[in-house]
Amino acid sequence: MTEADGHRLFVEDYRKNPRLVIFGGGHVSQPTAHLGKMLGFHVTIMDDREYFVTKERFPEADQLVYGDFKELDKYITPYDNTYYVILTRGHIGDADCLRRLLHRPYEYLGMIGSKNKVRITRENLLKEGYTLEQLDEVHAPIGIPLGGQLPEEIAVSIMAEIIKVKNQHYSAYCDEKVETAVLEGRHGVMVTIAEKSGSSPRGVGSKMFVEPSGHITGSIGGGKVEYEVINHCKEVQEKEVKHYALTADGQDSLGMICGGQVTVVFERV
């Protein structure tokens, strides 16, 4: 929210939703893809072995790509808000991916491997003309060191590092399911958190789409606030702004003790 000529304005800066692209369909990639999807990423898996990129192995993936890593530009379109994770089965595949990804825009680029393997890969790429500045942007070895050995533990360390990078600057992303509901022309009420203070569970920009049937897509944090908002959607005609106090008393109180407040914008779509 901002002030202009005595009016309070809510300004939204739309960015593309984050994408997680994983190269390699092995045992670490499976839990990494699962966590990525759970955290709201559009997830793509690519491998040069067709039987490693199947719906049985990656049921939640948005895109499965079978192809040669040297030709990844044919299959994976450059996208500004992308987090690349290189988990191929060997150093040759890793290097093939890294060569092509270093020329792209990205938010995060990480490569799995031992310190020795990473050192050798860096040395080879430096000889090929890549700069130290380019290579220093690569997270390698990948992940926050947590001491884990299991594939699931390694996946947690990778996604923890990605979340850390992603949240260096606060951004709220529209759930892709909410975006899809609007693009498909469904009718309902779009609910957006425009301002918050205190211990509200979701941040500014969080969205939820409430259809007349009662079907809900997205979330603004759950709990009593979300319950009250969903009920109020039945009364919304055009556009409306409503304040909710997360306190035990007051005119707009929800009878809660956590404190804080949220300002919610309702827009009929």
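**Reading helix 3, helix 4 and the sheet**

Biologist: Which residues in helix 3 meet Lys117, Thr121 and Leu125 in helix 4?

Modeller: Contact means heavy atoms within 4.5 Å, and helices (H or I, at least four residues) and strands (E, at least two) are DSSP runs numbered from the N terminus. On the helix 3 side you'll find His91, Asp94, Ala95, Leu98 and Arg99. By class, this contact has 3 nonpolar, 2 polar and 3 charged residues. Here Ala, Val, Leu, Ile, Met, Phe, Trp, Tyr, Cys and Pro count as nonpolar, Asp, Glu, Lys and Arg as charged, and the others, Gly among them, as polar.

Biologist: What should I trust here?

Modeller: It's a predicted model: local features need pLDDT of at least 70, side-chain atom pairs count only at pLDDT 80 or more, and totals for chains, interfaces and linings use all residues. Residues are numbered from 1 along each chain as its sequence is written, and side-chain values use heavy atoms, leaving out hydrogens and water.

Biologist: At what angle do helix 3 and helix 4 pack?

Modeller: About 45°, with the axes of helix 3 (residues 91–101) and helix 4 (residues 115–127) 11 Å apart. Axes are lines fitted to C-alpha atoms, for helices over the stretch in contact, and angles run from 0 to 180 degrees between N-to-C directions.

Biologist: In what order do the strands of the open sheet come?

Modeller: Strands of a sheet pair through backbone hydrogen bonds, either parallel or antiparallel. This one has 5 strands in the order 5-4-3-6-7, with parallel pairing (at least two DSSP bridges between two strands). Strand 5 (63–66) and strand 7 (108–111) are the edges. Strand 4 (residues 42–47) joins strand 5 through 4 bridges, and Met46 has Val65 as its bridge partner.
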